[in-house]
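Me: I've got a new structure open and I'd like to learn how to read it. Can we go through it feature by feature?
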Amino acid sequence: MKTKYKAILFDLDGTLLDTAPDLIAACNYTLDRFGYRKLDEKIIRTKVTAGMREMMKLGVPEKEWDSAGIESVMRDCFAEYYTAHICDRTTEFHGIGELIQTLHKSGIKTAVITNKYYAMAKKVLSKFEFSKNFELILGCDSLTHSKPHPEPILKALEILEIKSEDALYVGDHLNDIRAAIAAKTDSVAVLWGYGQNECADIDSWGATYKAQDVEHLKSIIFC
């Protein structure tokens, strides 16, 4: 199979892995522990990619955000619980493992660039056999800036020794596409993730491509 790309860079949550069930469980555990009502899964899913603080704010009245400790004790509780249960219900999206294996066999470099903390990303990915094929993982604490800033993508390209025009970034959120545009790489907005719950009108994001499923993504890469 032929492709013009020498490297495929991936977002993690909502792109490679369906991590929402474990993130939702951590959010509701934390809310309940601090005396707040648990939230319906559909409500929390609107903020899954926005981070633990934004998820918890859905269940804590705004006037209590500071006093409740969303930036401190609640955040720490969430992180501790999530880290301990990081892969209880998390699964790979259908076809991802096969795709990563195909890219590896084709000599195409792959990396993960996520706004998840590096240690969390490393731990959850380690549960999946395909992760051994990634050359690089960068988390939100790996560099000064996170997506939508282009720094993580540019750093990955530097480490992998790949030019921007030879790379494709794959993600499910507007911030993924903004980062790719700023880094001057092609991009794919995947439709199976969480981003459309937070960012309306995916057609306005500016992605080079959109992918309905992993098989469609494969056809974009190997066109």
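Reply: Sure, let's begin with an enclosed space. Ile113, Thr114, Asn115, Leu138, Gly139, Cys140, Leu143, His145, Ser146, Lys147 and Pro152 line the largest cavity. Keep in mind that this is a predicted model.

Me: What volume does the largest cavity have, and what classes of residue make up its lining?

Reply: Its volume is about 40 Å³. The lining has five nonpolar, five polar and one charged residues. A search of the whole structure turns up one cavity of 30 Å³ or more.

Me: And pockets? Which residues are closest to the centre of the largest pocket?

Reply: A pocket is open, while a cavity is a place the probe can't get out of. Here the largest pocket has a volume of about 560 Å³. It is lined by 25 residues, and the closest to its centre are Thr49, Ala50, Gly51, Asn115 and Lys116. Asn115 also appears in the lining of the largest cavity.

Me: Which elements give two or more residues to the lining of the largest pocket?

Reply: Those are α3, α5 and α9 (174-183). The most comes from α3, with four residues. By class, the pocket lining splits into 10 nonpolar, six polar and nine charged residues.

Me: Now helices. Which residues of helix α7 are buried, and why are they on the same side?

Reply: For a helix, look at where the buried residues point around the axis. In α7 (residues 118-125), the buried ones are Met120, Ala121, Val124 and Leu125. They sit on the same side of α7 because they cover an arc of only 120 degrees around the axis. What they pack against is β2 (17-18), α3 (52-57), α5 (73-84), β4 (109-113) and β5 (136-138).

Me: Where is Asn28, and is it buried or exposed?

Reply: Asn28 belongs to helix α1 (residues 20-33). With a relative accessible area of 11%, Asn28 counts as buried, because the cut-off for that is under 20%. Leaving aside neighbours within four places in sequence, Asn28 is in contact with Lys38, Leu39 and Ile44.

Me: Last one: which residues touch the most other members of the largest nonpolar core?

Reply: In a core, look for buried nonpolar residues joined through their side chains. Of the 54 residues in this one, Ile8, Phe10, Leu16, Phe78, Leu103, Leu125 and Leu217 touch the most other members. Helix α1 gives the most to this core, with six residues. Apart from it lies another core, of 17 residues, including Ala7, Ile153, Ala179 and Ala183.

Definitions and conventions. Residues are numbered from 1 along each chain as its sequence is written. This is a predicted model: local features need pLDDT of at least 70, side-chain atom pairs count only at pLDDT 80 or more; totals for chains, interfaces and linings use all residues. Side-chain values use heavy atoms; hydrogens and water are left out. Buried means under 20% relative accessible area, exposed over 50%, partly exposed in between (1.4 Å probe, protein chains only). The arc is that of the directions from the helix axis to the C-beta atoms. Contact means heavy atoms within 4.5 Å. On a 1 Å grid over the protein atoms alone, a cavity is a set of points where a 1.4 Å probe fits but cannot get out, and a pocket is an open set with protein on both sides within 12 Å along at least five of seven lines; lining residues have an atom within 4 Å of a point. Grid points are joined across faces, edges and corners, and a volume is the space filled by probe spheres set on the points. Ala, Val, Leu, Ile, Met, Phe, Trp, Tyr, Cys and Pro count as nonpolar, Asp, Glu, Lys and Arg as charged, and the others, Gly among them, as polar. A nonpolar core is a set of buried Ala, Val, Leu, Ile, Met, Phe, Trp, Tyr and Cys residues joined through side-chain atoms within 4.5 Å.
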